[in-house]
Amino acid sequence: AAASAAAPGSGEDGRRGGAPEQQESGRGEPKTLWGSREPRPPVAGPGQPSPQQRTETLGFYESDRGRKKKRSPSDISLLRFISAELTRGYFLEHNEAKYTERRERVYTCLRIPKELEKLMFFGIFSCLDAFLYVFTLLPLRVFLAMFRFITLPCYGLRDRRLLQPAQVCDVLKGVILVICYFMMHYVDYSMMYHLIRGQSVIKLYIIYNMLEVADRLLSSFGQDILDALYWTATEPKERKRAHIGVIPHFFMAVLYVFAHAIFIMVQATTLNVAFNSHNKSLLTIMMSNNFVEIKGSVFKKFEKNNLFQMSNSDIKERFTNYVLLLIVCLRNMEQFSWNPDHLWVLFPDVCMVVASEIVVDIVKHAFITKFNDITADVYSEYRASLAFDLVSSRQKNAYTDYSDSVSRRMGFIPLPLAVLLIRVVTSSIKVQGVLAYVCVVLFYCGLMSLKVLNSIVLLGKSCQYVKEAKMEEKLFNPVLTATPGKPAGKQQSMFKSAQGISTDENGSTSVTNQPVHQKENTPSLLVTSNSDQFLTTPDGEEKDISQDSSELKHRSSKKDLLEIDRFTICGNRID
């Protein structure tokens with residue numbers, strides 16, 4: 001009985017004590033924040049993962065999706081969403097490399113104006129040196145060459161050549177300059193001015209754009225014509241004749257210089273009409289043409305070589321614009337009887353043209369370097385390459401004059417521009433009387449002093465830039481010239497270790513050796529054969545050449561900074 005009495009009591013107590021546990025465990029979920037009880041962590045079922053193993057997706061556990069009971073509306077509220085948006089945070093240091101790269105791009109854009117203007121400053125004075133050479137040293141060199149030719153019978157023929165190759169080139173330049181100057185007298189500047197002034201603004205805008213394109217095309221092809229003339233006139237006579245003769249090349253050169261001078265004259269006349277227009281609308285449209293250049297250049301892929309060509313083109317264009325502005329000022333001052341007050345009237349327009357050109361160049365180069373991940377230090381390499389040309393042209397074994405080197409590098413040919421400037425100056429300024437001739441002599445002495453001073457400063461700065469770039473050994477090491485019809489990339493790579501040419505991480509050389517004229521007793525480094533291969537190539541390397549021959553058919557060798565001459569029109573890829 002006692003046992004039976006205890007059993008129900010214990011059962012009731014068990015039911016009473018166990019019921020709350022069953023009720024709490026049967027609820028499934030802990031009470032909400034408004035409940036009186038503390039929430040308990042959910043107990044994982046036999047087929048459910050533990051809370052530590054659950055994966056969270058957009059703030060909800062994967063296991064919560066299977067729950068039958070819906071979440072209460074108070075759990076998803078607008079206030080909680082706004083609170084989460086206001087208090088959520090993030091750490092930029094989690095992507096440190098990305099933001100560091102963005103900051104470096106900003107610093108690069110800020111450095112572009114300084115580095116670009118350094119290059120422009122050096123390049124403009126290089127063009128000025130080549131331009132002053134035509135007015136100062138070239139007449140003296142022609143006089144010395146003619147004096148040698150006249151007095152040659154007095155000393156006897158010590159050499160088979162009547163004149164040295166450099167003297168022959170100087171005489172040809174002088175004769176072309178004189179002939180084209182007299183041909184320019186048949187062109188009436190006043191008639192051309194009134195003919196252009198009578199056209200509409202849109203026509204003048206189109207004409208000016210066409211003249212710019214023609215100037216680039218003539219500059220690109222003109223130096224080839226002059227080089228062909230110089231080489232044809234100085235080529236050793238022992239070789240087999242493979243040209244049409246010196247006289248046809250000479251007439252081609254005269255025709256080119258005269259045509260190019262006419263195009264530049266029309267361009268200067270159009271700019272003069274824009275300056276003298278009453279509403280300045282034409283000048284504004286012509287200046288807006290510079291900003292159109294940004295659209296055509298910024299969104300193209302550029303490499304270092306392409307950017308170097310564009311920089312040389314900008315240097316040449318800026319210097320040419322300075323000479324055109326000088327011609328415009330001379331013509332306007334002549335029309336106003338050299339009144340100094342009219343010069344201040346032209347001064348704002350001149351400053352506006354120059355400022356727009358500088359701004360366009362800075363913006364264009366800043367975004368090109370940004371989009372193509374090019375550092376601002378590349379402009380120091382460009383400056384060192386231009387300095388290398390100047391230093392190498394002063395050596396005894398130089399193969400060209402510095403003025404011709406500038407023409408090939410930048411596309412700036414001083415002869416047509418010099419013909420036009422001489423024509424404008426002689427027609428604008430009348431020389432009469434002894435005092436006027438004394439002033440002309442003094443002016444010539446001033447130009448000579450400016451030329452000598454500019455050359456000395458340029459040579460000193462060039463030596464400094466070459467030393468900073470560590471390019472001194474390249475002035476004395478001979479370079480291997482490429483076999484005709486084959487690129488020089490593979491040939492130069494086979495001898496890089498012997499020449500000490502340094503390469504960067506991408507495998508492309510930063511600079512190359514300057515071609516040096518070899519002496520007659522020096523053995524030739526290249527032997528031309530029917531197979532167009534080196535006879536001195538080891539057997540192990542012949543296999544490499546045969547393997548790479550198929551690749552060379554599909555890709556050309558990469559040109560380096562010192563191999564780039566002139567400039568392309570549309571900024572196409574070189575390699």
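1. To start with a definition: rings of Phe, Tyr and Trp (its six-membered ring) form a pair if their centres lie within 6.5 Å. By that rule, Phe131, Phe135, Phe319 and Phe412 are linked by ring pairs into a cluster, and the structure holds 12 aromatic pairs.

2. A word on the model: it is predicted, with local features needing pLDDT of at least 70 and side-chain atom pairs counting only at pLDDT 80 or more, while totals for chains, interfaces and linings use all residues. Numbering runs from 1 along each chain as its sequence is written, and side-chain values use heavy atoms, leaving out hydrogens and water.

3. Now have a look at helix α7, residues 189-197 (helices are DSSP runs of H or I, at least four residues, numbered from the N terminus). Tyr189, Met192, Tyr193 and Ile196 are buried there, meaning under 20% relative accessible area with a 1.4 Å probe, protein chains only. Because these residues cover an arc of only 100° around the axis, they sit on the same side of α7; the arc is taken from the directions from the helix axis to the C-beta atoms.

4. The buried residues of α7 pack against α8 (201-234), α9 (246-276) and α11 (304-335), where contact means heavy atoms within 4.5 Å. Turned away from that buried side are Met191, His194 and Leu195, which are exposed (over 50%).

5. Finally, two charges over rings (NZ of Lys or CZ of Arg within 6 Å of the ring centre and within 35 degrees of the ring normal). Arg383 lies over the face of Tyr465, 4.5 Å from the ring centre, and the charged end of Lys98 sits over the ring of Tyr99 at 5.9 Å from its centre.

Key
Helix = DSSP H or I, 4+ residues; strand = E, 2+ residues; numbered from the N terminus. Phe/Tyr/Trp six-rings, centres within 6.5 Å; stacked < 30°, edge-to-face > 60°.
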